[in-house]
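User: Could you pick one part of this model and take me through it closely? I am new to this, so please explain the terms as you go.

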Amino acid sequence: MTPNSEAILKRIRIALNPWKKDIEEKRMFGGTCFLFKGKMCVGETKERLMVRVPREKMEEVLTNPFVGPMDFTGKPMKEFIFVTTQGFDTEEKLQQWAEMGVAHAKTKL
């Protein structure tokens, strides 16, 4: 894991602090994911965020120039996105992504 990946994980942990009793860390997708009550919400791989997005927000979110569909196999994964470092270069932006991931997880409970 790169030093940048570790720094990103530290930032994600801080962003998820309001839900810490319900958060679990797990190695997945070649990186580290955070699960809210057992449902993946946000993570880091190769210095990018992985975020689960509520279905109704996907179209809007994909208009962000720093966001793309999450695709490991050549086929985008449903309701998953990658966010490049410019898309979470402030704590406020990272917090928004974390909140979106938790919101998605809550829809799956």
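Analyst: Let's begin with a definition: helices (H or I, at least four residues) and strands (E, at least two) are DSSP runs, numbered from the N terminus. This is a predicted model, in which local features need pLDDT of at least 70 and side-chain atom pairs count only at pLDDT 80 or more, while totals for chains, interfaces and linings use all residues. Residues are numbered from 1 along each chain as its sequence is written, and side-chain values use heavy atoms, with hydrogens and water left out.

First, the setting. The chain has three helices and six strands, and from the N terminus they follow the order α-β-β-β-β-α-β-β-α. My pick is strand 6, residues 80-83, together with what surrounds it.

Phe80 and Phe82 point one way from this strand, Ile81 and Val83 point the other way, and all are buried (under 20% relative accessible area; exposed is over 50% and partly exposed lies in between, with a 1.4 Å probe and protein chains only). This fits a general pattern: in a regular strand, side chains alternate between the two faces of the sheet.

Which strands pair with strand 6? Strand 4 (residues 48-52) runs antiparallel to strand 6 and is joined to it by four bridges; pairing requires that DSSP finds at least two bridges between the strands. Here Val51 stands opposite Ile81. Strand 5 (residues 67-69) is also antiparallel to strand 6, with three bridges, and Val67 has Val83 as its bridge partner.

Just before the strand sits Glu79, in the loop between strand 5 and strand 6. Glu79 has a positive phi of about 65° although it is not a glycine. As a rule, most residues other than glycine have a negative phi. Glu47, in the loop between strand 3 and strand 4, also has a positive phi of about 65°. Their surroundings can be read from accessibility: Glu79 counts as buried because its relative accessible area is 6%, whereas Glu47 is partly exposed at 26%.

The side chain of Glu79 makes a polar contact of 2.6 Å with the side chain of His104 (a pair of N or O atoms within 3.5 Å; within protein, one must be able to donate a hydrogen and the other to accept it, and residues adjacent in sequence count only if both atoms are side-chain atoms). His104 belongs to helix 3, residues 91-107, and is buried, with a relative accessible area of 1%. Leaving aside neighbours within four places in sequence, His104 is in contact (heavy atoms within 4.5 Å) with Arg52, Val53, Pro54 and Glu79.

Helix 3 also reaches strand 6 through Trp97, which touches Ile81 and Val83, among others including Leu49, Val51 and Val67. Both Trp97 and His104 are among the buried residues of helix 3.

Now we can place the strand in the interior. The largest nonpolar core (buried Ala, Val, Leu, Ile, Met, Phe, Trp, Tyr and Cys residues joined through side-chain atoms within 4.5 Å) has 25 residues, and those with the most contacts inside it are Ile12, Leu49, Ile81 and Trp97. Strand 6 is one of the elements that each supply at least two residues of this core. Helix 3 gives the most, with six residues.
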